[in-house]
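Work through the exercises below with the sequence and the 3D view at hand, and try each task before reading its solution.

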Amino acid sequence: MTHETILDELEEYCRTAGLKPSTVCVRALNDSRYPARYRRKAASLKREVEKLRSYMAQNPPKQEDAA
């Protein structure tokens, strides 16, 4: 599951139900700001993953390291 998947599901549910995402999140989680915080967290995780992949690509393990 990608981070966008749950947000897409929430948006689709809201379109179908005629509700705002904040309303659904208040009812389900008691947290109207959940979608915004989730988006920020997902963006942060994406940046961290990109940094990690970049580091690993630039610093391949040496033969003696791989054991």
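The exercises that follow go from the whole chain to single residues.

This is a predicted model, in which local features need pLDDT of at least 70 and side-chain atom pairs count only at pLDDT 80 or more, while totals for chains, interfaces and linings use all residues. Residues are numbered from 1 along each chain as its sequence is written, and side-chain values use heavy atoms, with hydrogens and water left out.

**Exercise 1. Overall form**

Task: Describe the secondary structure of the chain and its radius of gyration.

Solution: Begin with the secondary structure, where helices (H or I, at least four residues) and strands (E, at least two) are DSSP runs numbered from the N terminus. The chain has three helices and zero strands, and from the N terminus on its elements run α-α-α. Next take the radius of gyration, computed over C-alpha atoms and set against a globule rule of 2.2 Å times the number of residues to the power 0.38. The chain has 19 Å, whereas a compact globule of 67 residues would have a value near 11 Å. Finally, look at the box filled by the C-alpha atoms, which along the principal axes is roughly 60 × 20 × 20 Å.

**Exercise 2. Salt bridges**

Task: Find the salt bridges and state where the partners of Arg-39 and Glu-11 lie.

Solution: Apply the rule first: a salt bridge is a side-chain nitrogen of Lys or Arg within 4 Å of a carboxyl oxygen of Asp or Glu, and by this rule there are three. One of them joins the side chains of Arg-39 and Glu-11 at 3.5 Å, N to O. Because Arg-39 lies in helix α3 and Glu-11 in helix α1 (residues 3–17), this pair ties together parts that are 28 residues apart in sequence. Another links Glu-12 with Arg-15, with the closest N and O atoms 2.8 Å apart; these two residues are three apart in helix α1, and about one helical turn separates them. In a further bridge, Arg-37 meets Asp-31, the closest N and O atoms being 2.1 Å apart.

Now consider exposure, for which buried means under 20% relative accessible area, exposed over 50%, and partly exposed in between (1.4 Å probe, protein chains only). Asp-31 is buried at 17%, while Arg-37 is partly exposed at 36%. Arg-15, at 57%, is exposed, and Glu-12, at 42%, is partly exposed.

**Exercise 3. The cysteines**

Task: Explain why Cys-14 and Cys-25 form no bond.

Solution: Recall that a disulfide is a covalent bond between the sulfur atoms of two cysteines; here a disulfide is counted when a pair of cysteine sulfur atoms lies within 2.5 Å. The structure holds zero disulfides. The cysteine sulfur closest to that of Cys-14 belongs to Cys-25 and is 7.2 Å away, so the two are too far apart for a bond. As for exposure, Cys-14 is buried with a relative accessible area of 4%, and Cys-25 is buried with 4%.

**Exercise 4. A residue in a loop**

Task: Is Asn-30 buried or exposed, and where does Asn-30 lie?

Solution: Locate the residue first: Asn-30 is in the loop between α2 (21–29) and α3 (34–58). Its relative accessible area is 68%, and Asn-30 is therefore exposed. Then check the backbone, keeping in mind that most residues other than glycine have a negative phi. The phi of Asn-30 is near 60°, a positive value in a residue other than glycine.
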